[in-house]
Amino acid sequence: MNTNLCTGPLPAAGLTRRHFLNRFGLGLGGIALSHLLNPARGLAEALANPHHGGVIAHPHFPAKAKRVIYLFMAGGPSQLETFDYKPMLNQRNGEDLPTSVRMGQRLTGMSGNQAILPLAGSLFKFKQHGKAGLWVSELLPHTTKIVDELCVVRSMFTEAINHDPAITFMQTGSEISGRPSIGAWLNYGLGSDNENLPAFVVLITPGKVDQPLYSRLWGSGFLPSEYQGVQFRSGKEPVLYLGNPAGISTAGRRLMLDRLRELHEFQRAESADPEIDTRISQYEMAFRLQASVPEVTDVSKEPQSIFELYGPDAKKPGTFAANCLLARRLAERGVKFIQLYHQGWDQHGNLPKGIKTQCRETDQASAALITDLKQRGLLEDTLVIWGGEFGRTNYSQGKLTSDDYGRDHHPRCFTTWMAGGGVKPGFVYGETDELGYNVVKDPVHVHDFHATLLRLLGIDHEQLTFKHQGRRFRLTDVSGNVAEALLA
């Protein structure tokens with residue numbers, strides 16, 4: 001009898017029980033090994049029809065938000081010039097940062113070698129606004145009109161002290177690149193409410209020179225690639241390579257995709273690779289987008305009152321104001337996660353002039369978005385987030401003068417606000433010390449922030465996982481607590 005188990009077959013008849021199990025066990029081992037090496041294969045069936053529901057069949061909690069619009073202020077906006085009023089900092093302007101306040105905490109190489117770290121009070125005036133008496137800077141006159149809708153967290157903190165790991169941490173839950181972004185996790189977990197538009201859309205203000213943004217910030221990491229964000233651009237081609245080439249009709253494109261699908265299905269039958277299903281679904285999505293993208297990006301039918309609400313830049317494609325208006329239109333059509341990036345907040349020097357520009361570009365449109373969503377009945381189940389990757393130091397980087405200063409990166413405390421989607425309106429949470437350097441009450445870590453965001457969407461952050469390389473990963477890694485006090 002031929003007993004070569006690897007290169008030659010055994011006869012089907014006359015096998016002993018031992019030989020049968022030995023021979024069949026190798027097949028089971030191969031199947032098991034294949035599953036361990038490629039756990040996404042188990043999702044192949046779901047991937048074939050991905051735009052109806054995610055892997056979470058039923059919410060873990062009653063969902064207060066159905067969608068998220070995240071206004072990301074890339075570069076680290078200064079909390080001391082916007083929402084965290086510190087009159088003591090002005091009183092002690094120019095004094096060296098006390099060692100009792102710093103407590104040996106690390107600094108960046110940009111200011112760590114300064115002979116002194118002079119405390120720098122803000123040049124801008126603050127006033128209290130709204131029923132809660134929220135302190136807001138004069139730089140944000142439009143935001144003062146909607147403070148009763150805001151849930152302001154003054155006690156955010158992170159470990160990352162430089163831009164790339166800090167932005168990566170805020171967007172993916174890890175300082176190390178390669179993890180899925182927030183929008184990808186939500187796409188994977190909750191699916192889409194509109195099969196003709198992506199569940200995850202990214203909008204970037206063009207022409208802003210600052211810290212770079214990378215597509216991995218809205219990538220899918222080790223999740224199937226269909227869950228990554230789709231970037232919409234300004235101009236004639238909002239989604240690159242979406243239009244048909246010259247001479248190709250819609251009917252011709254449909255016929256080509258049908259034949260291509262057949263070829264992909266032949267390949268899938270051979271390899272059972274789930275990425276083939278992803279490829280099929282992405283081609284089909286692109287075909288549907290050919291009709292849906294021009295419709296959603298065409299703002300010509302918006303009334304003049306809406307353009308006046310969002311400000312003079314609202315008619316200029318690609319500006320922050322135009323992107324906020326587009327975000328509202330996407331939210332209306334069921335897009336689950338809409339990420340806006342606005343760069344330019346990294347003000348190591350010439351901060352007073354720089355932050356004036358940034359606030360002028362973003363203040364009116366941010367407030368208008370809240371107002372517009374509310375008047376359409378969408379704010380109740382749309383969570384809007386405003387914030388950056390970290391804060392700024394309470395001391396001046398470089399020379400402090402009577403009318404100029406800069407601020408270095410500061411991970412110890414920064415401010416983020418949220419509105420709608422189940423958070424408490426007109427509410428302030430957390431507190432920093434009188435010099436604005438350390439959190440002294442109700443700290444909120446990045447993982448806590450992510451856990452709270454997922455909770456508002458009805459998700460237990462510990463249960464939204466994906467097995468990769470033998471470990472179950474999640475957005476909050478192995479940490480994170482829901483900030484229950486923020487929930488309405």
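Which helix is His-450 found in? We begin there, in a tour of close-up views of this predicted model.

**View 1. His-450 sits in helix H12.** The helix spans residues 446-456. With a relative accessible area of 0%, His-450 counts as buried, because that value is under 20%. Leaving aside residues up to four places away in sequence, His-450 touches Phe-169, Met-170, Gly-173, Ile-182, Leu-475 and Thr-476.

**View 2. Trp-345 and Trp-386 form an edge-to-face pair.** Aromatic pairs are a good thing to look for here, as the structure holds 17 of them. In this one, the ring centres are 6.1 Å apart and the planes meet at 85°, so the pair is edge-to-face. Trp-345 lies in the loop between S7 and H11, while Trp-386 belongs to strand S8 (residues 382-387), so the pair ties together parts that are 41 residues apart in sequence. Trp-345 is buried, at 0% relative accessible area, and Trp-386 is buried too, at 5%.

**View 3. Trp-386 also pairs with Trp-417, and this pair is stacked.** Here the rings lie 6.3 Å apart, centre to centre, with 0° between their planes. The pair links distant parts of the chain, since Trp-386 is in strand S8 and Trp-417 in strand S11 (residues 414-419), 31 residues apart. Both Trp-386 and Trp-417 are buried.

**View 4. Six aromatic residues form one cluster.** Look for Trp-185, Tyr-188, Phe-222, Tyr-227, Phe-466 and Phe-473. Phe-473 has a charged partner as well: the charged end of Arg-471 sits over the Phe-473 ring, 4.2 Å from its centre.

**View 5. Lys-424 lies over the face of Phe-427.** The distance to the ring centre is 4.9 Å.

**View 6. Helices H7 and H8 pack against each other.** H7 covers residues 250-271 and H8 covers residues 274-297. Two packed helices are described by the angle between their axes and the distance between the axes. For H7 and H8 the angle is about 170° and the axes are 9 Å apart. The two helices are therefore roughly antiparallel, a term used for angles over 145 degrees. Among the residues that meet are Leu-257, Leu-260 and His-264 in H7, and Ile-276, Ile-280, Tyr-283 and Phe-287 in H8. The contact also includes Arg-253, Arg-254, Glu-265 and Arg-268 from H7, along with Asp-277, Arg-279 and Glu-284 from H8.

**View 7. Asn-350 and Asp-442 have positive phi values.** Most residues other than glycine have a negative phi. Asn-350 has a phi near 50°, and it is found in the loop between strand S7 (337-342) and helix H11 (351-375). For Asp-442, phi is about 55°; this residue lies in the loop between strand S14 (439-441) and strand S15 (444-445). Asn-350 is partly exposed, with a relative accessible area of 39%, and Asp-442 is partly exposed as well, at 28%.

**View 8. Some stretches of the chain have pLDDT below 50.** The chain averages a pLDDT of 89, and 89% of the residues score at least 70. Over residues 1-10, however, the pLDDT is below 50, and this stretch has 12 contacts in the model beyond near neighbours in sequence. Residues 30-37 also stay under 50, with one contact beyond four places in sequence.

How values were computed. Residues are numbered from 1 along each chain as its sequence is written. This is a predicted model: local features need pLDDT of at least 70, side-chain atom pairs count only at pLDDT 80 or more; totals for chains, interfaces and linings use all residues. Side-chain values use heavy atoms; hydrogens and water are left out. pLDDT is the predictor's confidence in each residue, from 0 to 100. Contact means heavy atoms within 4.5 Å. Helices (H or I, at least four residues) and strands (E, at least two) are DSSP runs, numbered from the N terminus. Buried means under 20% relative accessible area, exposed over 50%, partly exposed in between (1.4 Å probe, protein chains only). Rings of Phe, Tyr and Trp (its six-membered ring) pair if their centres lie within 6.5 Å; planes under 30 degrees apart count as stacked, over 60 as edge-to-face and the rest as tilted. A charge sits over a ring if NZ of Lys or CZ of Arg is within 6 Å of the ring centre and within 35 degrees of the ring normal. Axes are lines fitted to C-alpha atoms, for helices over the stretch in contact, and angles run from 0 to 180 degrees between N-to-C directions. Angles under 35 degrees count as roughly parallel, over 145 as roughly antiparallel, 65 to 115 as roughly perpendicular and the rest as oblique.
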